[in-house]
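I opened this notebook to keep a record of what I looked up, one topic at a time. The entries go from the whole chain to single residues.

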Amino acid sequence: MRTLVIPPAAQRDEDAVQMISAWIAEKGLHCALNIGMWEANGKPEAAAWGILLADLVRHLANASQEEHGVDVDKTIEKVVKSLHDELNEPTSKVKGGFHPGHT
């Protein structure tokens, strides 16, 4: 099992909240999602997830540029295109269900 490090800011902040964890396991994607946190704080859940995903794409593009010299804007463009393509014509079915709860 290969896990990622917890970001230093999340380690320092006692109010840090993990929102998503994604694993490739058993030949598929498996996620843990913190659904409902934004709605519970009076924010529209779907819009807030959209912002989180957009920020995630920016972090991915920045990391790709830093590690491999790939242009940030081109990476964002390619990721957004791939996202739209996958949403419109999925390459695989989503399996499994949502299991609420935290450790």
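Below are my entries on the overall layout, the hairpin, a pair of helices and two residues beside that pair.

**Entry 1: the whole chain**

I began by noting that this is a predicted model, and I kept that in mind for every value that I wrote down afterwards. I then looked up the secondary structure, and I found four helices and two strands in the chain, which follow one another along the sequence in the pattern α-β-β-α-α-α. For the overall dimensions I took the C-alpha atoms along the principal axes, where they fill a box of roughly 35 × 35 × 35 Å. I also looked up burial, and of the 103 residues of the chain 11% count as buried. Among the contacts with a separation of 6 or more, I noted that 12% are between residues 24 or more positions apart.

**Entry 2: the hairpin**

Next I turned to the strands, and I asked myself how many bridges join β1 to β2, and in which direction they run. I found six bridges, with the two strands running antiparallel. As one example of residues that face each other across the pair, I wrote down Ala22, which stands opposite Cys31 in β2. The strands β1 (20–25) and β2 (28–33) have a loop between them, and together they form a hairpin with two residues between the strands.

I then checked the backbone in that loop, having read that most residues other than glycine have a negative phi. Glu26 departs from this, with a phi near 50°, a positive value in a residue other than glycine. Lys27, which is also found in the loop between β1 and β2, has a positive phi of about 65° although it is not a glycine. Are these two loop residues buried or exposed? I found that Glu26 is exposed, with a relative accessible area of 77%, and that Lys27 is exposed as well, with a relative accessible area of 87%.

**Entry 3: helices α3 and α4**

For this entry I used the usual description of two packed helices, which is given by the angle between their axes and the distance between the axes. Helix α3 (residues 45–68) and helix α4 (residues 72–88) pack at an angle of about 135°, and their axes are 8 Å apart. That angle makes α3 oblique to α4, and I noted that their crossing is right-handed. I listed who makes the contact: from α3 come Val57, Arg58, Leu60, Ala61, Asn62, Ser64 and Gln65, and from α4 come Val72, Thr75, Ile76 and Val79. When I sorted the residues of this contact by type, I got six nonpolar, four polar and one charged.

**Entry 4: Thr75 and Asp71**

I picked Thr75 of helix α4 for a closer look, and asked which residues it touches beyond those up to four places away in sequence. The answer was Ala61, Ser64 and Val70. Thr75 has 10% relative accessibility, and it therefore counts as buried, since the cut-off for that word is under 20%.

I finished with Asp71, which lies in the loop between α3 and α4 and is partly exposed, with a relative accessible area of 40%. Asp71 and Ala61 are ten residues apart along the chain, and I noted that their C-alpha atoms are separated by 7.7 Å.

Methods. Residues numbered from 1 in each chain as written. Predicted model: local features only at pLDDT ≥ 70, side-chain atom pairs only at ≥ 80, totals over all residues. Heavy atoms only, no water. Axes fitted to C-alpha atoms, helices over the stretch in contact; angles between N-to-C directions. Parallel < 35°, antiparallel > 145°, perpendicular 65-115°, else oblique. Left-handed = near helix turned anticlockwise from the far one by under 90°. Contact = heavy atoms within 4.5 Å. Nonpolar A, V, L, I, M, F, W, Y, C, P; charged D, E, K, R; others polar. Buried < 20%, exposed > 50% of the residue type's maximum accessible area, 1.4 Å probe, protein only. Pairing = 2+ DSSP bridges.
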